[in-house]
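Biologist: Let's go through this model and test each label we put on it. I will ask for the reasoning behind the terms.

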Amino acid sequence: PYMLTDLIHLKQKDGVPLWFDLILLLSFALVALACGLHSLRGVHVWFERTFSPLVGWVTVLCSLGLTGFGIYLGRFPRWNSWDVVG
């Protein structure tokens, strides 16, 4: 999902059509989003089978919440992982 926030950098540049940059950014971002959702589905299925459906959904919701918070920290306050740890 973080890659979708790169659309804020989309600007008209000399020699490159805006539609080309938009399609390029969206194609990479949507592939990354699909891969992330596929991975999350695998985690959900594993937790659901190993523990219970409730634990599977709690894991998914916690993961999505932490992901959203991480995207916020990376995009707006511009924190990196070493800023949080160090």
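Modeller: Start with the fold. The protein chain has three helices and zero strands. This is a predicted model. From the N terminus on, the order is α-α-α.

Biologist: What makes the protein chain more spread out than a compact globule?

Modeller: Set the radius of gyration against the globule rule. The rule gives 12 Å for 86 residues, and the protein chain has 17 Å, well over that, so the chain is more spread out than a compact globule. The C-alpha atoms fill a box of roughly 55 × 30 × 15 Å along the principal axes.

Biologist: How much of the protein chain is buried, and what supplies the area that the chain exposes?

Modeller: Buried residues are 13% of the 86. The cut-off for buried is under 20% relative accessible area. The exposed area is about 6700 Å², and carbon and sulfur atoms supply 74% of it.

Biologist: Why is His44 called buried?

Modeller: His44 has 4% relative accessibility. Buried means under 20%, so His44 counts as buried. The residue lies in helix α1. His44 touches Gly56, Trp57 and Val60, leaving aside residues up to four places away in sequence.

Biologist: Why does Arg49 get the label exposed?

Modeller: Arg49 is also a residue of helix α1. Its relative accessibility is 73%. Exposed means over 50%, so Arg49 counts as exposed. Arg49 and Asn80 are 31 residues apart along the chain, and their C-alpha atoms are separated by 34 Å.

Biologist: How do you know that Asp6 and Arg75 form a salt bridge?

Modeller: Check the distance. The closest N and O atoms of Asp6 and Arg75 are 2.6 Å apart. The limit is within 4 Å, between a side-chain nitrogen of Lys or Arg and a carboxyl oxygen of Asp or Glu. The pair therefore counts as a salt bridge. A search of the whole structure finds one salt bridge.

Biologist: What does the pair of Asp6 and Arg75 tie together?

Modeller: Asp6 lies in the segment before α1 (18-50), and Arg75 in helix α2, so the pair ties together parts 69 residues apart in sequence.

Biologist: Which of the labels buried, partly exposed and exposed fits Asp6, and which fits Arg75?

Modeller: Asp6 has 25% relative accessibility, so it counts as partly exposed. Partly exposed is the range between the 20% and 50% cut-offs. Arg75 has 7%, so it counts as buried.

Biologist: What makes Tyr2 partly exposed?

Modeller: Tyr2 has a relative accessible area of 33%. That value falls between the cut-offs of 20% and 50%, so partly exposed is the label. Tyr2 is placed in the segment before α1. Its contacts are Ile71, Gly74, Arg75 and Arg78, not counting residues up to four places away in sequence. Tyr2 and Ala32 are 30 residues apart in sequence and 9.1 Å apart in space, C-alpha to C-alpha.

Biologist: What is notable about the phi of Arg78?

Modeller: Most residues other than glycine have a negative phi. Arg78 has a positive phi of about 65° although it is not a glycine. Arg78 lies in the loop between α2 (53-75) and α3 (81-85).

Biologist: How far apart are the mean positions of the positive and negative charges of the protein chain?

Modeller: There are 6 positive and 5 negative charges, and their mean positions are 5 Å apart.

Notes
Residues are numbered from 1 along each chain as its sequence is written. This is a predicted model: local features need pLDDT of at least 70, side-chain atom pairs count only at pLDDT 80 or more; totals for chains, interfaces and linings use all residues. Side-chain values use heavy atoms; hydrogens and water are left out. Helices (H or I, at least four residues) and strands (E, at least two) are DSSP runs, numbered from the N terminus. The radius of gyration is taken over C-alpha atoms; the globule rule is 2.2 Å times the number of residues to the power 0.38. Buried means under 20% relative accessible area, exposed over 50%, partly exposed in between (1.4 Å probe, protein chains only). Accessible areas come from the Shrake-Rupley method with a 1.4 Å probe; for residues, only the protein chains shown count as cover. Lys and Arg count as positive and Asp and Glu as negative; His and the chain ends are not counted. The place of a charge is taken as NZ of Lys, CZ of Arg, CG of Asp or CD of Glu. Contact means heavy atoms within 4.5 Å.
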